[in-house]
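Here is a brief report on a structure with more than one part to look at. Please have the sequence and the model open as you read.

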Amino acid sequence: MADFWGTVNNLRDQLVRSSRALTKKDAKLVSISSNDLYLKSNYQDFQRYTEVDLAIAADVEATLPSLIEASKRLVTADRKRVFEERGKKFAAAHAQALEQARTTATYAWDASPISTARLSAELWEVIKDKDWASVGGGAGRLWNVEKQYQTLLGGGAAGVGSGLPTSVGAALAHRKYGRFCVSIQNDGDFMYAPGAIWTAAHHRIPLLSVMHNNRAYHQEVMHIQRMSNRHQRGITNAGIGTKIEDPNVNYAMIARGMGIYAEGPITDPKDLGPALRRAADAVMRGEMALVDVVTQPR
Amino acid sequence: MRFILSFLFVVTVIPALKAQTPAPATSTTPAGNAQNGKKIFSNYGCYQCHGFEAQGGAGARLAPRPIAFTAFSKYVRQPTGEMPPYTSRVVSDKELADIYAFLQSIPQPPPASSIPLLSK
């Protein structure tokens, strides 16, 4: 769930699409975002109009610390106790969710294509002792996110194609702090602007890009399947124009051709950890590195 | 920066954490061909939302220990949530039995405590 609209609404992918507000009727919506500044010039961002009561065009990172302090000053002793109680419940729920996520990860742990939980756990092992930041694909449920700069929301409206260039741009922003940037890169997204890799090579931008390669524009595969089923026809045809196979793309070869370190395609989960460590070494030397991992659909 | 807005919607992802009720092998469970079931699971697109090993993904985990066959076939024919329906016009009863046999053939995974990356 990346954008404002998707956070406060729910939409079902059916023949007649219906959406439902997730907020209470009288809730006041306020957005603080630099998105509102993207409506002209070179970089533009258009999507569903967000109905808010107050739209503040501002830098979130600069705004939030003082907003949090201001909110804290309004908290009475009573409210503080309520928050502490709630905090305890959240902590317990989090511990339980983590335990559940670990159990869930055991299913298909040794499968090939490699499960996304396995990919996430292997990657966490490589980054957990570093000052890391995710610049694409979010952080896994098994990861411990403690700092505000460790996650980055994806492009809004489930759009495809912004992931790779965004990760390179974000890694550039992190570079001066010496952070270890990591991105989970979808194969469909890769197909739009692979030239971003050359940019990273040219400007020596360190970034570990790990591919969640399900050999499809998988969001579209599922959408077409939903529609085929509802029309009761063509249910074996959902892959036409949506799967990226025959031939399979050799992403590591493309990446090497752009001048960075790359490994893959990796299909055996046992090969994944060592490949990630070798790629991480290249990133520590100040380069971008890519590991192509052939994965389960989701 | 957006290159393509493929769809202006965000699809709700149902966590694959639903409690699984183990299915007793009752007389209502028809015999099926697990090998063919595995093939259909892929060809008819079940894998897209449930994973190749039925471990779950955008949709629920279906195996090991799938829900009882009657509940299973009822759900596939008339799902109540985000899952699209598969009517008997597109997936025959025989094919459903084969898919079910495939789900029953999937073994229980090892406990998280036996996997180093998951036990800390």
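## Chain B: contacts and make-up

Start with chain B of this predicted model. Take the contacts between residues at least 6 apart in sequence: 69% of them join residues at least 24 apart.

The chain holds 4 helices and 0 strands. Read from the N terminus, its elements run α-α-α-α. Of the 120 residues in chain B, 45% are buried. The accessible surface of chain B is about 6,200 Å², and carbon and sulfur atoms account for 61% of that area.

## Helix α3 of chain B

Helix α3 of chain B spans residues 69–77. Its buried residues are B:Phe69, B:Phe72, B:Ser73, B:Val76 and B:Arg77. Why do they lie on the same side of α3(B)? They lie there because they cover an arc of only 125° around the axis. A general rule fits here: an α-helix has 3.6 residues a turn, so residues three or four places apart point the same way.

What covers this buried set? The cover of the buried residues of α3(B) includes α4 of chain B.

## B:Asp98 in helix α4

Helix α4 of chain B covers residues 93–105, and B:Asp98 sits in it. Is B:Asp98 buried or exposed? Its relative accessible area is 2%, so B:Asp98 counts as buried, the cut-off being under 20%.

Which residues does B:Asp98 touch, leaving aside those up to four places away in sequence? The list is B:Gly32, B:Asn33, B:Ala34, B:Asn36, B:Gly37 and B:Ile40.

## Chain A: domains

Chain A is divided into three parts: domain 1 (4–73), domain 2 (80–105) and domain 3 (109–294). The centres of domain 1 and domain 3 of chain A, taken over C-alpha atoms, are 26 Å apart. Their contact takes 6 residues from domain 1 of chain A and 8 residues from domain 3 of chain A.

## Chain A: a nonpolar patch

Four residues, A:Val60, A:Leu64, A:Leu67 and A:Ile68, make a nonpolar surface patch. The patch has an area of about 300 Å².

A:Leu67 belongs to helix α2 of chain A, which runs over residues 60–73. How is A:Leu67 placed with respect to the surface, and what is its relative accessible area? The value is 39%, so A:Leu67 is partly exposed. That class lies between buried, under 20%, and exposed, over 50%. Patch members need over 30% relative accessible area, and A:Leu67 has 39%.

Technical notes
Residues numbered from 1 in each chain as written. Chains lettered and ligands numbered in written order. Predicted model: local features only at pLDDT ≥ 70, side-chain atom pairs only at ≥ 80, totals over all residues. Heavy atoms only, no water. Patch = residues over 30% accessible without salt bridge, like charges linked within 9 Å, V, L, I, M, F, W, Y side chains within 5 Å. Areas by Shrake-Rupley, 256 points an atom, 1.4 Å probe, with all protein chains shown as cover. Salt bridge = Lys/Arg side-chain N within 4 Å of Asp/Glu carboxyl O. Helix = DSSP H or I, 4+ residues; strand = E, 2+ residues; numbered from the N terminus. Buried < 20%, exposed > 50% of the residue type's maximum accessible area, 1.4 Å probe, protein only. Contact = heavy atoms within 4.5 Å. Arc of directions from axis to C-beta. Domains from an automatic or database assignment.
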